[in-house]
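Got your viewer open? Let's take a walk through this protein, one selection after another.

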Amino acid sequence: MAAVGDQRGRRIAIIGAGFSGSLLALHLLRRCRPEDRIYLIERNRNFGRGLAYATGNPNHLLNVRAGNMSAFPDEPDHFVRWLQALAPAERAEIAGGPGPSTFVPRRVFGNYIQQLLGDKIWREGQGHNLFLVTDEAVALHRGPEGLDLELAVGRHYHIDHAVLAIGNFPPAPSTDGYFGDPWNPASLADLPVDAPVLILGTGLTFIDTVLSLLDRGHQAEIYALSRRGQLPRVHAAVSAPWQYDPSPNGHNLLKLLSQVRAACVAAERVGAGWRAAIDGLRPHTQRLWQEMPRPERARFLRHVRPWWDVHRHRCAPQVAERIEAARTRGQLEIIKGRIGATTRRDGVTEVEINLRADSGRRSLAVNRVIDCSGPRSDATRIDQPLVQQLLASGQVHPDPLGLGIDVTVDGALIDGFGCAAKDIHAVGPITKGAFWEIIAVPDLRLACANLAGKLLDVP
């Protein structure tokens with residue numbers, strides 16, 4: 001198959017055109033030959049954005065400064081230069097101006113990725129390399145001459161390589177009064193401004209949902225429920241990442257935690273701040289995760305993950321100020337606990353909450369419940385045709401810890417017999433079990449660059 005591919009060019013199908021898939025397409029286009037063909041397949045027409053960057057709310061900001069958001073690891077200032085080249089009216093929408101320390105609206109970053117794709121197709125003349133396919137991939141079969149990719153309309157593509165870039169698995173289905181997908185416009189549609197709302201989860205998606213409510217003029221109570229009631233910490237002034245000496249290792253979780261805590265204390269002592277110590281782990285995080293024995297990974301998920309998430313995935317200061325203001329005036333309340341039972345009657349959901357630390361129960365009456373607790377990750381429970389077909393055929397195996405699908409350290413799918421595929425790979429959040437940190441742009445751009453080089457056999 002390799003010889004045939006060399007003669008007629010590689011045929012690569014990327015399934016999913018959100019950020020991960022579009023970024024991989026860009027890196028492939030940077031390396032491909034004129035005879036190579038890249039099929040970017042997306043069931044929606046919104047190529048290049050995905051859920052994270054499709055929001056139209058200008059107050060939904062990136063959680064990473066613009067200086068760390070370049071699409072290309074070898075051009076770290078690419079995004080900042082793109083921002084600075086925007087028309088004056090577009091630059092005016094960016095609070096503080098387009099600089100490396102700016103927190104930019106997420107829709108602007110979506111525009112950036114879309115424009116890069118458009119430039120490759122039209123301005124740089126690579127429309128003969130990249131084909132945008134608006135359809136859903138439903139099955140992937142192996143044949144005598146490679147892979148056969150089947151689409152929902154019945155069309156087939158014969159390809160050499162397939163890459164699953166399907167982003168996060170779909171959220172839980174919605175029911176009357178409960179919205180499993182906080183990004184669905186229906187979750188806030190027709191909501192009276194005086195109707196109480198309960199949000200499940202207190203992470204970054206919760207923050208976006210509260211901002212959307214406030215921007216709509218919501219005046220009633222907003223309750224947020226999570227087990228520990230932890231909110232994302234706030235970005236502070238930029239400081240150089242902490243240099244770990246000796247370099248940390250992940251063989252023992254308790255020793256690793258002790259080293260990180262000591263680094264945070266030392267960073268505070270010299271004025272760098274604990275954030276520098278957390279950011280200093282970035283070059284090591286994937287290696288640390290891969291060094292951890294499975295029992296240690298499971299222990300991390302049970303006991304450390306909530307604390308890691310709020311310290312590692314922080315929010316912009318101007319966003320945190322609005323959240324704190326809502327809490328101060330009593331409109332937003334954070335509750336520590338778990339849902340015990342719910343009853344829906346006459347458009348009102350009665351929610352029984354078991355408060356944390358056996359401190360009793362509490363009842364709430366809300367108009368609707370919006371689930372912001374995070375995407376599902378158990379592949380066996382995902383009602384997605386392609387994933388279910390790959391599971392049924394044994395070509396995909398769920399990650400042992402339920403974080404996505406099982407892949408090698410270079411993203412190759414691992415089948416039900418433990419064998420790594422040579423022609424099917426995955427990139428993005430569904431590979432979290434192998435990499436842990438694989439949702440932020442700095443991690444994804446490096447993964448996409450490496451995978452593009454592997455698929456095209458170029459450095």
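Here is a tour with a few stops along the chain. Keep in mind that you are looking at a predicted model.

**Stop 1: helix α7**

Select residues 253-269, which make up helix α7. How far apart are its end C-alpha atoms? They are 24 Å apart, and that agrees with what you should get from 17 residues at 1.5 Å a residue, because the expected span uses one less than the number of residues.

Now look at the start of α7 and pick Asn252. One of its side-chain oxygens comes to within 3.1 Å of the backbone nitrogen of Leu254. Then jump to the other side of the helix: just after α7 sits Gly271, with a positive phi of about 90 degrees.

Next, colour the buried residues of α7: Leu253, Leu256, Leu257, Val260, Ala263, Cys264, Ala266 and Ala267. What covers them? The cover includes α8 (274-279), α9 (285-291) and α10 (294-312), so show those helices too.

**Stop 2: a pocket beside those helices**

Keep α7, α8, α9 and α10 on screen, as each supplies at least two residues to the lining of the second largest pocket. This pocket has a volume of about 460 Å³. Its lining counts 20 residues, and the closest to the pocket's centre are Leu257, Val260, Phe300, Val304 and Trp308. You have already met Leu257 and Val260 among the buried residues of α7. Sorted by class, the lining has 16 nonpolar, three polar and one charged residues.

**Stop 3: a cavity**

How many cavities of 30 Å³ or more does the structure hold? Just one. The space inside the largest cavity is about 50 Å³. To find it, select Leu61, Asn63, Leu204, Ile207, Asp208, Leu211, Cys315, Ala316 and Val319, which line it. Helix α6 (residues 204-215) gives the largest share of that lining, with four residues. By class, you'll see seven nonpolar, one polar and one charged residues around the space.

**Stop 4: a cis peptide bond**

Move to Pro246, in the loop between β10 (222-226) and α7. Zoom in on the bond that joins Asp245 and Pro246: it is a cis peptide bond, with omega of about 5 degrees.

**Stop 5: two residues with a positive phi**

Pick Asp346, in the loop between β11 (332-345) and β12 (348-355). Asp346 is not a glycine, yet its phi is positive, at about 55 degrees. Trp436 is another non-glycine with a positive phi, in this case about 65 degrees. You'll find Trp436 in the loop between α13 (432-435) and α14 (441-456).

Turn on the surface and check both: which is buried and which is exposed? Asp346 has a relative accessible area of 78%, and over 50% counts as exposed, so Asp346 is exposed. Trp436 has a relative accessible area of 3%, and under 20% counts as buried, so Trp436 is buried.

**Stop 6: Asn367**

Finish at Asn367, in the loop between β13 (361-366) and β14 (368-371). Show its side chain together with that of Arg368: the two make a polar contact at 3.2 Å. What else does Asn367 touch, leaving aside its neighbours within four places in sequence? Select Leu191, Pro192, Ala195, Pro196, Arg344, Gly347 and Thr349, and you have its contacts.

Methods: Residues numbered from 1 in each chain as written. Predicted model: local features only at pLDDT ≥ 70, side-chain atom pairs only at ≥ 80, totals over all residues. Heavy atoms only, no water. Buried < 20%, exposed > 50% of the residue type's maximum accessible area, 1.4 Å probe, protein only. Contact = heavy atoms within 4.5 Å. Polar contact = N/O pair within 3.5 Å; in protein donor to acceptor, adjacent residues only side chain to side chain. 1 Å grid on protein atoms, 1.4 Å probe; cavity = no way out; pocket = protein on both sides within 12 Å on 5 of 7 lines; lining within 4 Å. Points joined across faces, edges and corners; volume = space filled by probe spheres on them. Nonpolar A, V, L, I, M, F, W, Y, C, P; charged D, E, K, R; others polar.
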